[in-house]
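Good morning, and thank you for coming. I would ask you to look at the sequence and the structure on the screen before I begin.

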Amino acid sequence: MTSALLTDLYELTMLHGAREAGTASRRCVFEVFTRSLPEGRRYGVLAGTGRVLDAIADFRFDDADLRYLRRSGLLDEETLEHLAAYRFAGDVHGYEEGELFFPNSPVLRIEGTFEDAVMLETVVLSILNHDSGIASAGSRMITAARGRPCIEMGGRRVHEDAAIAAARAAYIVGFHSTSNLAAGAHYRIPVAGTAAHAFTLLFDSEEEAFRAQIASQGAGTTVLVDTYDVEAAVRTAVEIAGPQLGAVRLDSGDLGVQAHEVRALLDSLGATDTRITATGDLDEYRVEELTEAPLDGYGIGTRLVTGGGHPAPGFVYKLVEREGADGAMHPVGKRSQDKATLGAGKAAYRMIVGERAHAELVLPGESEVAEFERELIAELTSGEANPEWARTSLRPLQKPMILGGEPVHDLRAPAVVEAARARHAASVAELGLSPDDGPDGPPAIPTVTDGVEAARVLS
């Protein structure tokens, strides 16, 4: 199946209308951004870019697609012939996966003719909104876990294909492993899993179940101990596996209280190295509450793969610049209330002072970038300049991804996901946030969109 029909009808009707009006070949710049962060979110995390680029490469109408469109009677034959030959021939620049975003961050910029770029809107937004929603929630969970490993285990709570993408997004933001085998096969993500309550219930006694599991998987396995009585289960598991028992899992009840009780019991039985893992509808708030509990890791599912209450960051795909009848490029944008758009293609930088991020610079046009640089130099050379500003640098955020329709790099390789994982860790570290600050708060850094605001940041 191609990705061409993963779109909304109005993309094709706009294409048809523009072709009839003679404007379809006008050069255009589209940008993907979100106007705001969900309430309480300090930042967003971009994920899914690699999948977007795959979808663009596969965006072509095959014979089956064209037969469907022809039967529908929605388009004329000339437009169908155009679709049959369609291949994206424009340019794509954007933030790399794992990077953070803030309000108005232009995470993706698509340049080409109107007929080149307009049809990509739905598939681009569906991937970025889904994957970034999960990554943004997952990053908060990793911060709350304070270095304790987290397993992604939400595949049974979403569409089967979405489960693979969810595991990928979770791994990028720091999850240690996934329960999803398809994600492991596709992206080389470590997989984890041992047994559920059904395995215990299959046997005539819990002891028989534990003996079978440990015989099959070894003493280092993780035993689920809350099917019947937690204390009895822990004693039985240690008796069978000895102090080499890998871990026990708690999935219900007061996890904080139980963790203290189980830790004391394990230690009294000599199983001082046996870990305790918690599962059961966890999210960043619940993990935060368990900070003082003697837990060694978490399994997180539903609240992660459904975006932690905010399943979509609200990314939009907007035309911000287009060729006029005079052949020059002109900024364009909506002026509607609450949904105004800042026109012109924009350059984006992270303003770093020392090792800390201080602002997201989103400046329209080369003149605005030059103006900011002049303001920065003037501030740094003034007699009243803060000495700390001498360590200021601007980190470019947009990188070329497709040029002339051709991918710049191979984004299908497993190394790409590992690079995104490292990039995310570095980007979060730039913010200087402490887990003790808690999950919620205002955006970690301001978004600067003109020279006046830039000067205000510098002051």
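I shall go through two sheets, a pocket, a helix, a cavity and one lysine.

Please keep in mind throughout that this is a predicted model.

Let me begin with the sheet that contains β14. Its four strands form an open sheet in the order β16-β14-β15-β19, and the pairing is mixed. The edge positions belong to β16 and β19, residues 447-448; each has a single partner strand, so one side of each is left without a neighbour in the sheet. As a general reminder, the strands of a sheet pair through backbone hydrogen bonds, in either a parallel or an antiparallel sense.

Now to the pairings of β14 itself. With β15, residues 356-364, β14 pairs in the antiparallel sense over eight bridges. Within that pairing, A348 stands opposite V362 of β15. The two strands make a hairpin with two residues between them, and G354 in the turn has a positive phi of about 70°. On the other pairing, β14 is joined to β16, residues 392-396, by five bridges, and these strands also run antiparallel. Here Y349 is placed opposite P396, and M351 opposite L394.

Is β14 mostly covered or mostly open? It is mostly covered, with eight of its eight residues buried. K346, A348, R350 and I352 point one way, while A347, Y349, M351 and V353 point the other way, and all of them are buried. I would draw your attention to K346 and R350 in that list, both buried. Helix α16, residues 414-431, lies across β14, β15 and β16, and runs at about 105° to β15.

I turn next to the other sheet. Six strands form an open sheet in the order β7-β6-β11-β10-β9-β8, with parallel pairing. The edge strands are β7, residues 177-178, and β8, each of which pairs on one side only. Between β10 and β11, which run parallel, there are two bridges. One residue to locate here is T277, whose bridge partner in β11 is G297.

This sheet leads us to the largest pocket. How much space lies in the largest pocket? The volume is about 1,000 Å³. The pocket is lined by 37 residues, and those closest to its centre are I151, M153, R249, T279 and G299. Several strands contribute to the lining: β8 (222-224), β9 (247-250), β10 (275-278) and β11 (297-300) each supply at least two residues. Which of the strands gives the most? That is β11, with four residues. By character, the lining of this pocket divides into eleven nonpolar, 19 polar and seven charged residues.

From the pocket I move to helix α2, which spans residues 49-57. Its buried residues are T49, G50, V52, L53, A55 and I56. In general, an α-helix has 3.6 residues a turn, so residues three or four places apart point the same way. The elements that cover the buried residues of α2 include β3 (91-94), β5 (108-113), α6 (121-145), α7 (160-172) and β17 (399-403).

One of those elements, α6, appears again at the largest cavity. A search of the whole structure finds one cavity of 30 Å³ or more, and the largest cavity has a volume of about 60 Å³. Its lining consists of L37, P38, R41, Y43, G44, F101, S132, G133, S136, H310, A312 and P313. Helix α6 provides the largest share of that lining, with three residues. The lining divides into six nonpolar residues, five polar and one charged.

Finally, I come to K334. Where is K334 found? It sits in the loop between β13 (329-331) and β14 (346-353). Its relative accessibility is 33%, so K334 counts as partly exposed, since that class lies between the 20% limit for buried and the 50% limit for exposed. Leaving aside neighbours within four places in sequence, K334 is in contact with R35, K318, K339, A340 and T341. Of these, K318 is 16 residues away from K334 in sequence, and the two are 9.0 Å apart in space, C-alpha to C-alpha.

That concludes my presentation, and I thank you for your attention.

Notes:
Residues numbered from 1 in each chain as written. Predicted model: local features only at pLDDT ≥ 70, side-chain atom pairs only at ≥ 80, totals over all residues. Heavy atoms only, no water. 1 Å grid on protein atoms, 1.4 Å probe; cavity = no way out; pocket = protein on both sides within 12 Å on 5 of 7 lines; lining within 4 Å. Points joined across faces, edges and corners; volume = space filled by probe spheres on them. Nonpolar A, V, L, I, M, F, W, Y, C, P; charged D, E, K, R; others polar. Pairing = 2+ DSSP bridges. Buried < 20%, exposed > 50% of the residue type's maximum accessible area, 1.4 Å probe, protein only. Contact = heavy atoms within 4.5 Å. Axes fitted to C-alpha atoms, helices over the stretch in contact; angles between N-to-C directions.
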